[in-house]
Amino acid sequence: MALIVKKFGGSSVATPEKIMAVAQRVLREKGPEDKMVVVVSAMGDTTDNLITLANTLVGQPYTYAREMDMLLSTGEQVTIALLAMTFSKLGHPAISLTGSQAGIKTNSAYTKGRINNVNPVRVLEQLDQGNIVVVAGFQGSNDAGDILTLGRGGSDTSAVALAGALKADVCEIFTDVDGIYSADPRIVPDARRMKEITCDEMLEMARLGAGVMQPRSVEMGKHYGIPIHVRSTFTQDMGTFIREVCTMEEKEFIIKGVAHDTNVAKIGILGVPNRPGIAFKIFSALAKANIDVDMIVQSIRNTDKDIIDMIFTIAQPDLPQTKKIIEELGEEMDFLGTLIDNQVAKVSIVGAGMLGSPGIAANMFGALSDAEVNIEVISTSEISISCIIQADRVKEAVNAIHARFFPKNPE
């Protein structure tokens, strides 16, 4: 007997036929004594269509963050009801639960909710009654009872958090790809599928743009010690396991993967007074607005003048709010100017093997140089190196870097 959490993304449940196929697969793989929780996303492009609908009516719909959560959460509720009915039609009792009904409690950062805790009492009760429990991913509720969504890819986080709270044996993430690759196979045809990757490496890849997993879901897996199996909805093949410690070591590759992120905007604040507390004032204002700042570079403009320039990156949806905050601070602090560029992208390499391996950065920069791709900003961590480049050069950049670190096997 096993307790298994399975998550199916939007492409896996995009049509009635696909919902039927998901239900049949779950029943086919369920052992007689297994307990099964199925977490699902909205069907296909439902979330994008709801965003477009709101934008048509009000423009900049995320200004109305609470109401956007109320709107977007309906997509998953359609899917859970349809899938629960399908299980019942196929002869197995099932019940659908919203994120709130499943006990997922969040903070109050609308449209960017974070899970505070999961109390899956109702899920356990329904499992004990023999039901397959179908849970709406991407959502929970705060202490006031308001619905909150968890950001893009939030259904992954819902699934792993539930798996942890239920002490599940495994959390399976079904998607339209058959595992985690060394780069996006839609960009790099020669990308290689990994059998295993550590939580830390996967977390860094997800944070840097590898869209197959949401970063917070990987954090949840690491926190609860739940193995995550990323695999394809459309095949029976094994995918990629994300574990705290991998059981096999691929020593031939120092770098595990190349990630890219086109959902980036670069902000430059020019002529910032060079005195204590200025950086705190700027970035605390952004933090209060729940704006996540990524790469930060501070440079001395002129040694004869007590001013500096600051450059940082944010996610593109946060650009209107960021611009407003910086403009307000600029009036107060007398900045010389602001530069905004939303035609940039971030390319990164990730791998625990780069620790103690000289020349990794030089190799990456050399690959970009050979491809004649200019680097605008650089940042590093213990297991990653990231560069900001122009967005229209992403494909060339990712392929050049991947070819440098993952050469083709000779014929």
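# Reading strands, helices and a binding site

Student: I would like to begin with a single pair of residues, in order to learn how strands are joined: which residue in β12 is the bridge partner of Val230?

Tutor: The bridge partner of Val230 in β12 is Thr240, and please keep in mind from the start that this is a predicted model. As a general idea, the strands of a sheet pair through backbone hydrogen bonds, and the pairing is either parallel or antiparallel. Here β11 and β12 run antiparallel and are joined by three bridges, whereas β9 and β11 pair in the parallel sense over five bridges. In that parallel pair, Glu172 stands opposite His229 of β11.

Student: What is the order of the strands in the open sheet, and which strands stand at its edges?

Tutor: The open sheet has eight strands, in the order β3-β6-β2-β1-β9-β11-β12-β10, and its pairing is mixed. At the edges stand β3 (94-97) and β10 (196-198), and because each has a single partner strand, one side of each is left without a neighbour in the sheet. If direction is ignored, neighbouring strands are turned by 20° against each other on average. The partner of β10 is β12 (residues 240-243), and these two pair in the parallel sense over three bridges, with Thr198 standing opposite Arg243 in β12.

Student: Which residues of β11 lie on one side and which on the other, and are they buried or exposed?

Tutor: The general rule is that in a regular strand the side chains alternate between the two faces of the sheet. In β11, Ile228, Val230 and Ser232 lie on one side, while His229 and Arg231 lie on the other, and all of them are buried, which leaves both faces covered.

Student: Which helix lies across β1, β2, β6, β9 and β11?

Tutor: That is helix α1 (residues 16-29), which runs at about 160° to β1.

Student: Turning to annotations, where does UniProt place the feature "binding site"?

Tutor: The unreviewed UniProt entry places this feature at Thr47 and Glu76. Although the two are spread over 30 residues of sequence, they cluster in space, with a largest C-alpha distance of 8.9 Å. Thr47 belongs to helix α2 (residues 46-58), and Glu76 belongs to helix α3 (residues 65-89).

Student: Why is each of these two residues counted as buried or exposed?

Tutor: A residue is called buried when its relative accessible area is under 20%. Thr47 is therefore buried, at 12%, and Glu76 is likewise buried, at 2%.

Student: What does Glu76 touch, once residues up to four places away in sequence are left out?

Tutor: Its contacts include Val40, Ser41, Ala42, Thr47 and Ser155, and the side chain of Glu76 reaches the backbone nitrogen of Ala42 at 3.0 Å. Thr47, with its neighbours within four places in sequence set aside, is in contact with Ala42, Leu72, Glu76 and Arg152.

Student: How many residues does α3 have, and what span does it reach?

Tutor: With 25 residues, α3 reaches 37 Å from its first C-alpha to its last, which is close to the 36 Å expected at 1.5 Å a residue.

Student: How should I read a positive phi, and where is Thr111 found, which has one although it is not a glycine?

Tutor: In general, most residues other than glycine have a negative phi. Thr111 has a positive phi of about 70°, and this residue is found in the loop between β4 (104-106) and β5 (115-118). Glu372, in the loop between α10 (360-370) and β17 (377-381), also has a positive phi, near 60°. As for accessibility, Thr111 is buried, with a relative accessible area of 15%, whereas Glu372 is exposed, with 68%. A glycine case comes just after α3, where Gly91 takes a positive phi of about 100°.

Student: As a last case, with which side chain does that of Glu201 make a polar contact?

Tutor: The partner is the side chain of Thr198, at 3.1 Å. Glu201 lies in helix α6 (residues 199-207) and counts as buried, at 5% relative accessibility. Leaving out residues up to four places away in sequence, Glu201 touches Lys256, Val350, Gly351, Ala352 and Ile383.

Notes:
Residues are numbered from 1 along each chain as its sequence is written. This is a predicted model: local features need pLDDT of at least 70, side-chain atom pairs count only at pLDDT 80 or more; totals for chains, interfaces and linings use all residues. Side-chain values use heavy atoms; hydrogens and water are left out. UniProt positions are given in the numbering used here, feature names are shortened, and annotations may be inferred rather than shown by experiment. Helices (H or I, at least four residues) and strands (E, at least two) are DSSP runs, numbered from the N terminus. Buried means under 20% relative accessible area, exposed over 50%, partly exposed in between (1.4 Å probe, protein chains only). Contact means heavy atoms within 4.5 Å. A polar contact is a pair of N or O atoms within 3.5 Å; within protein, one must be able to donate a hydrogen and the other to accept it, and residues adjacent in sequence count only if both atoms are side-chain atoms. The expected span of a helix is 1.5 Å times one less than its number of residues. Two strands pair if DSSP finds at least two bridges between them. Axes are lines fitted to C-alpha atoms, for helices over the stretch in contact, and angles run from 0 to 180 degrees between N-to-C directions.
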